[in-house]
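Q: Could you show me how to read a protein model, one feature at a time?
A: Gladly! Let's open it up and start with a single residue.

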Amino acid sequence: MSLLFILTLVAVGVLVAALAVYLLAIIGILRGVQKTAGLILFGVRSIAHRAAPLGEILDEVNQDLTEVRDGLRSVVGPPPAEERRETAAGRPGQAVPRPGAGRGSRRA
């Protein structure tokens with residue numbers, strides 16, 4: 001074998017070894033990135049779970065409050081007619097005027 005052929009094989013071997021070392025270094029870096037990305041994903045999922053719509057929970061709370069209201073009405077009775085707030089034509093915030101409920105009339 002000639003000297004040139006042996007030097008070529010050595011050069012190719014050194015090149016392959018250098019590429020292998022760099023690839024192993026890249027694998028180590030990517031494993032670290034994968035770990036960090038996993039932690040970030042875990043945190044994002046946790047935030048998404050905490051920020052999920054409250055519809056189901058509010059339905060339970062609403063049901064509980066309805067039961068409390070009904071229980072109080074059975075003990076105390078319904079509120080007086082003057083204290084009830086009804087809306088006109090489905091528009092919230094506009095009370096329906098009642099006859100005799102003006103300034104001058106008071107119930108005893």
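A: Keep in mind that this model is predicted. Our starting residue is Asp64, which has 45% relative accessibility and so counts as partly exposed. To be called exposed, a residue must be over 50%, and to be called buried, under 20%.

Q: Where does Asp64 lie?
A: Asp64 is part of helix α2. That helix covers residues 55–76, 22 residues in all. From first C-alpha to last, helix α2 reaches 31 Å, close to the 32 Å expected at 1.5 Å a residue.

Q: What comes after α2?
A: Gly77 follows α2, and its phi is positive, near 105°.

Q: Which residues gather with Asp64 in a patch of negative charge?
A: The patch is on the surface, where Asp64 is joined by Glu56, Asp59, Glu60 and Glu67. Here is a general idea to help you look at a helix: an α-helix has 3.6 residues a turn, so residues three or four places apart point the same way.

Q: How do I read a salt bridge, and how many does the structure hold?
A: The general idea is that side chains of opposite charge can pair when their charged atoms come close. This structure holds 1 salt bridge. Asp70 forms it with Arg69, and their closest N and O atoms are 3.3 Å apart.

Q: Are Asp70 and Arg69 buried or exposed?
A: The answer is in between. Asp70 is partly exposed at 41% relative accessibility, and Arg69 is partly exposed with a relative accessible area of 41%.

Q: Which residues make the nonpolar surface patch?
A: Met1, Phe5, Ile6, Leu9, Val10 and Val14 make a patch of about 630 Å². Take Phe5 as an example: its place is in helix α1, residues 3–50. Phe5 has a relative accessible area of 42%, so it is partly exposed.

Q: Now the whole chain: how many helices and strands has it?
A: There are 2 helices and 2 strands, and from the N terminus the order is α-α-β-β.

Q: What share of the chain do buried residues make up?
A: The share is 0% of the 108 residues. The accessible surface comes to about 10,200 Å², with 66% of it belonging to carbon and sulfur atoms.

Key:
Residues numbered from 1 in each chain as written. Predicted model: local features only at pLDDT ≥ 70, side-chain atom pairs only at ≥ 80, totals over all residues. Heavy atoms only, no water. Salt bridge = Lys/Arg side-chain N within 4 Å of Asp/Glu carboxyl O. Buried < 20%, exposed > 50% of the residue type's maximum accessible area, 1.4 Å probe, protein only. Helix = DSSP H or I, 4+ residues; strand = E, 2+ residues; numbered from the N terminus. Areas by Shrake-Rupley, 256 points an atom, 1.4 Å probe, with all protein chains shown as cover. Expected span 1.5 Å × (residues − 1). Patch = residues over 30% accessible without salt bridge, like charges linked within 9 Å, V, L, I, M, F, W, Y side chains within 5 Å. Lys, Arg positive; Asp, Glu negative; His and termini not counted. Charge placed at Lys NZ, Arg CZ, Asp CG, Glu CD.
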